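Reader: I would like to learn how to read a protein model. Please take me through it one feature at a time.

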Amino acid sequence: MLVRTDFSDEAAWTALRTAVTTHSREGSPSGLEVVDDPAFDGAEVADLLAAGPAQDRVAVLFVADATTLQHPELPVLAVRGSGAPEESFRVPSAQVLEVADDLSLAGMGWAEFTDRVGDDGVFRGFSGY
């Protein structure tokens, strides 16, 4: 699930949605459920995680916040659905579906990603490791 929490830059949001929907691996799910509702403008991650019943919680929640939309890579915040809001890292928009697939379908663990997050808090892949 990708939730928009910043509504200040429509062009950046459009670019993000395009990147997320066009950069998927062959055989991956068609995409993420996208929540583009102004009711979530400025919502905090903890509130998003607590919003639904426990059986509806996702393995990973992707959040398009102000930081996402102001950065050239459009790095979406990835938050562990079963953890605390501080258990997060950023993913360039072009890699969101890959990370979602790896966490939900490939059985990769959260630490496999967080161990490879750069100094800027962004995961940019496994190359070089």
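Author: Start with the surface. The model is predicted, and the accessible surface of the protein chain is about 6800 Å². Carbon and sulfur atoms account for 49% of that surface.

Reader: What share of the residues of the protein chain counts as buried?

Author: A residue is buried when its relative accessible area is under 20%. Of the 129 residues in the protein chain, 38% count as buried.

Reader: How many helices and strands does the protein chain have, and how do the elements run from the N terminus on?

Author: There are 5 helices and 5 strands. Read from the N terminus, the elements run β-α-β-α-β-α-β-β-α-α. Contacts show how the chain folds back: among those between residues at least 6 apart in sequence, 58% join residues at least 24 apart.

Reader: In what order do the strands lie in the sheet?

Author: The order in space has to be read separately from the order in sequence. Here the 5 strands form an open sheet in the order β2-β1-β3-β4-β5, with mixed pairing. The edge strands are β2 (34-35) and β5, and each pairs on one side only.

Reader: Which way do β3 and β4 run, and how many bridges join them?

Author: β3 and β4 run antiparallel and are joined by 4 bridges. To find the place on the model, look for Val-60, which stands opposite Arg-80 in β4.

Reader: Which strands does α1 touch, and which does α4 lie across?

Author: For a helix on a sheet, note the strands and then the angle. α1 packs on the sheet and touches β1 (2-4), β2, β3 and β4. The direction of α1 makes about 175° with that of β1. α4 lies across β3, β4 and β5, running at about 165° to β3.

Reader: Is α4 mostly covered or mostly open?

Author: Helix α4 spans residues 96-104 and is mostly covered, with 7 of its 9 residues buried. The buried residues are Val-96, Leu-97, Val-99, Ala-100, Asp-101, Asp-102 and Leu-103. Their cover includes α1 (10-22), β3 (60-64), β4 (76-80), β5 (88-91) and α5 (110-114).

Reader: What should I expect of nonpolar side chains, and which residues have the most contacts inside the largest nonpolar core?

Author: In soluble globular proteins, nonpolar side chains tend to be buried together. The largest nonpolar core in this model has 23 residues, and those with the most contacts inside it are Leu-2, Leu-16, Leu-32, Phe-62, Phe-89 and Val-99. At least two residues of this core come from each of α1, β3, β4, β5, α4 and α5. The most come from α4, which gives 5 residues. Another core, of 9 residues, lies apart from it and includes Val-35, Val-45, Leu-48 and Leu-77.

Reader: Where is Phe-62 placed, and what does Phe-62 touch?

Author: Phe-62 is in strand β3. Its relative accessibility is 0%, so Phe-62 counts as buried. Leaving out residues up to four places away in sequence, Phe-62 touches Met-1, Leu-2, Val-3, Leu-32, Val-76, Leu-77, Ala-78, Val-96, Val-99 and Ala-100. Distance in sequence and distance in space need separate readings: Phe-62 and Arg-4 are 58 residues apart in sequence and 8.7 Å apart in space, C-alpha to C-alpha.

Reader: How many aromatic pairs are there?

Author: Two rings pair if their centres lie within 6.5 Å. The count comes to 6 aromatic pairs. In one of them, the ring centres of Phe-89 and Phe-113 are 6.0 Å apart and the planes are at 5°, so the pair is stacked. Phe-89 lies in strand β5 and Phe-113 in helix α5, so the pair ties together parts 24 residues apart in sequence. Phe-89 is buried at a relative accessible area of 3%, and Phe-113 is buried at 0%.

Reader: What kind of aromatic pair do Phe-123 and Phe-126 form?

Author: Phe-123 and Phe-126 form an edge-to-face pair, 5.1 Å centre to centre, with 70° between the planes. Phe-123 is buried, with a relative accessible area of 3%, whereas Phe-126 counts as partly exposed at 26%.

Reader: Which residues do ring pairs link into a cluster?

Author: The cluster is made of Phe-89, Trp-110, Phe-113, Phe-123 and Phe-126. Phe-89 also touches residues including Val-76, Leu-77, Ala-78 and Val-99.

Notes
Residues are numbered from 1 along each chain as its sequence is written. This is a predicted model: local features need pLDDT of at least 70, side-chain atom pairs count only at pLDDT 80 or more; totals for chains, interfaces and linings use all residues. Side-chain values use heavy atoms; hydrogens and water are left out. Buried means under 20% relative accessible area, exposed over 50%, partly exposed in between (1.4 Å probe, protein chains only). Contact means heavy atoms within 4.5 Å. Accessible areas come from the Shrake-Rupley method with a 1.4 Å probe; for residues, only the protein chains shown count as cover. Rings of Phe, Tyr and Trp (its six-membered ring) pair if their centres lie within 6.5 Å; planes under 30 degrees apart count as stacked, over 60 as edge-to-face and the rest as tilted. A nonpolar core is a set of buried Ala, Val, Leu, Ile, Met, Phe, Trp, Tyr and Cys residues joined through side-chain atoms within 4.5 Å. Two strands pair if DSSP finds at least two bridges between them. Axes are lines fitted to C-alpha atoms, for helices over the stretch in contact, and angles run from 0 to 180 degrees between N-to-C directions.
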